[in-house]
Amino acid sequence: MSTVSGDENVAVPQSLAGRRWLLPSALLAEFDPDAGRPGRRPRRTGRDWIVDFSCFFLAVIVGLVGADAVTDNPHVPHDLAVLDQLIGALACAAVWLRRRRPVGLAVATIPVGVLSDTAGGACLIALFTLAVHRPFRYVAWVGGITIALIPVYFRLRPDPDLPYAVAVALFGTLTAAVVGWGMLVRAKRQLMLSLRDRARRAETEALLRAEQAQRLAREAIAREMHDVLAHRLTLLSVHAGALEFRPDAPREEVARAAGVIRESAHEALQDLREIIGVLRAGESDDAGRPQPTLGALDVLVAESREAGMKVILDSRVTDPETVPASVGRTAYRIAQEGLTNARKHAPGTEVTVSVSGAPGEGLTVSVRNPPPEGEVPHVPGSGQGLIGLTERATLTGGRLEHGPEPDGGFGLRAWLPWG
């Protein structure tokens, strides 16, 4: 199986990946929704054009045979035969609408089939198309009415070459066969789609199982490292306690205990770093890249301005590089999320980003925008970023507030500890 990029990965049979013209347009639209035009029916593929020309050609051939039969039928007046041929020609032309209006075309051909011998081929093609493209309930009603009208048709227009019962049975069987053929084609298409869905679910479940196995392995490794770390910290505590209770110990013993403490602390720090690295191994957010800090805020604002936003940066932090890395990253993410929200919910407004603070006082970050001009459509999934920012600020020991302003705008304000 291969995949097509879009809002979600859609499986396409590998054998048809380079020959999509062999697929019907309706089936191709199910496999690859991005191939069509939004809000419009899918375009005909090469196979569709071949099938449509064949159906039209078949309807014309059957219509010509029917036109000869109705002309030679002594029970049909000449004027009625001319009308029959005219209706049949219109029915053949309507075959080109079978993909766009399968139900309407099939319903319209019910009275047409009773009035015109020439339209017989077009009526059968319309019934076949209905069976392929619509559920059974439509086919049952239209097909049942069509079969029920066959005896009435041969009462009005007896066949000169066939007995009444034979003609009714023959054409009834033909109509049922056409319906069955169409339902078989639809069943094959539904089977292909169900196999596609099963393959997609199997791939998703396999990915979930792999991720779960990786997570369990990381947790097991972290537990083992935790035991080692606990051992080292216990050793460190024992030696530190010995120094506390024996301050008059010989210098050599004090030096040896201090060396053990230093070595144990260093090894414990290394173990702690390994634990954090293992637990973060599955995170994909900015993995392997340098994390932005408060010093990168100017670059963020410049990028937003290049994208067309009106941004005012009011930075009153004398030396942003002295801000602790964790606090700087959190402040950067808060400003980034505030600009993103303003771009989505208040496009075209002037956004003000303010940063102030000093060691011992904490760092304050605020992002504010006035109310948007005009109606702005709702953005699905709104609010998730603010939830994450609140959690991030809480983990650093700070707090975050957000909500509408008195003038109708929106404000985002956070305080983070510094020093």
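This passage describes a sheet with its covering helices, a helix pair and the largest pocket in a predicted model.

We may start with the sheet. Five strands make up an open sheet, arranged in the order S3-S4-S5-S7-S6, and their pairing is mixed. Strand S3 (310-316) and strand S6 (399-404) take the edge positions; each has a single partner strand, so one side of each is left without a neighbour in the sheet. From one strand to the next, the twist averages 10 degrees. At the S3 edge, S3 pairs with strand S4 (residues 350-358) in the parallel sense, over seven bridges. Within this pairing, Ser-315 has Val-355 of S4 as its bridge partner.

Two helices lie across these strands. Helix H9 (residues 297-306) lies across S3 and S4 and runs at about 165 degrees to S3. Helix H10 (residues 325-345) lies across S3, S4, strand S5 (362-369), S6 and strand S7 (410-416), and its direction is at about 5 degrees to S5. H9 and H10 also meet each other: their axes come within 10 Å and cross at roughly 10 degrees. With an angle under 35 degrees, H9 therefore counts as roughly parallel to H10. On the H9 side the contact involves Leu-297, Leu-300 and Ser-304, which meet Tyr-332, Ala-335, Gln-336, Leu-339 and Arg-343 of H10. Sorted by class, this contact has five nonpolar, two polar and one charged residues.

A second helix pair is formed by H4 and H6. The axes of H4 and H6 come within 9 Å and cross at roughly 10 degrees, which means that H4 is roughly parallel to H6. H4 contributes Val-103, Ala-106, Val-107, Ile-110, Gly-113 and Val-114 to the contact, while H6 contributes Tyr-138, Val-142, Ile-145, Thr-146, Leu-149, Tyr-153 and Leu-156. Here the classes are eleven nonpolar, two polar and no charged residues.

Both of these helices reappear in the largest pocket, which has a volume of about 830 Å³. Its lining comprises 33 residues, and those nearest the centre are Asp-117, Gly-120, Tyr-153, Phe-154 and Phe-171. Two or more lining residues come from each of helix H2 (46-72), helix H4 (102-115), helix H5 (120-133), helix H6 (136-156) and helix H7 (164-245). By class, the lining has 20 nonpolar, nine polar and four charged residues. Tyr-153 links the two descriptions, as a residue of H6 in the contact with H4 and as one of the residues nearest the pocket centre.

Conventions
Residues numbered from 1 in each chain as written. Predicted model: local features only at pLDDT ≥ 70, side-chain atom pairs only at ≥ 80, totals over all residues. Heavy atoms only, no water. Pairing = 2+ DSSP bridges. Helix = DSSP H or I, 4+ residues; strand = E, 2+ residues; numbered from the N terminus. Axes fitted to C-alpha atoms, helices over the stretch in contact; angles between N-to-C directions. Contact = heavy atoms within 4.5 Å. 1 Å grid on protein atoms, 1.4 Å probe; cavity = no way out; pocket = protein on both sides within 12 Å on 5 of 7 lines; lining within 4 Å. Points joined across faces, edges and corners; volume = space filled by probe spheres on them. Nonpolar A, V, L, I, M, F, W, Y, C, P; charged D, E, K, R; others polar. Parallel < 35°, antiparallel > 145°, perpendicular 65-115°, else oblique.
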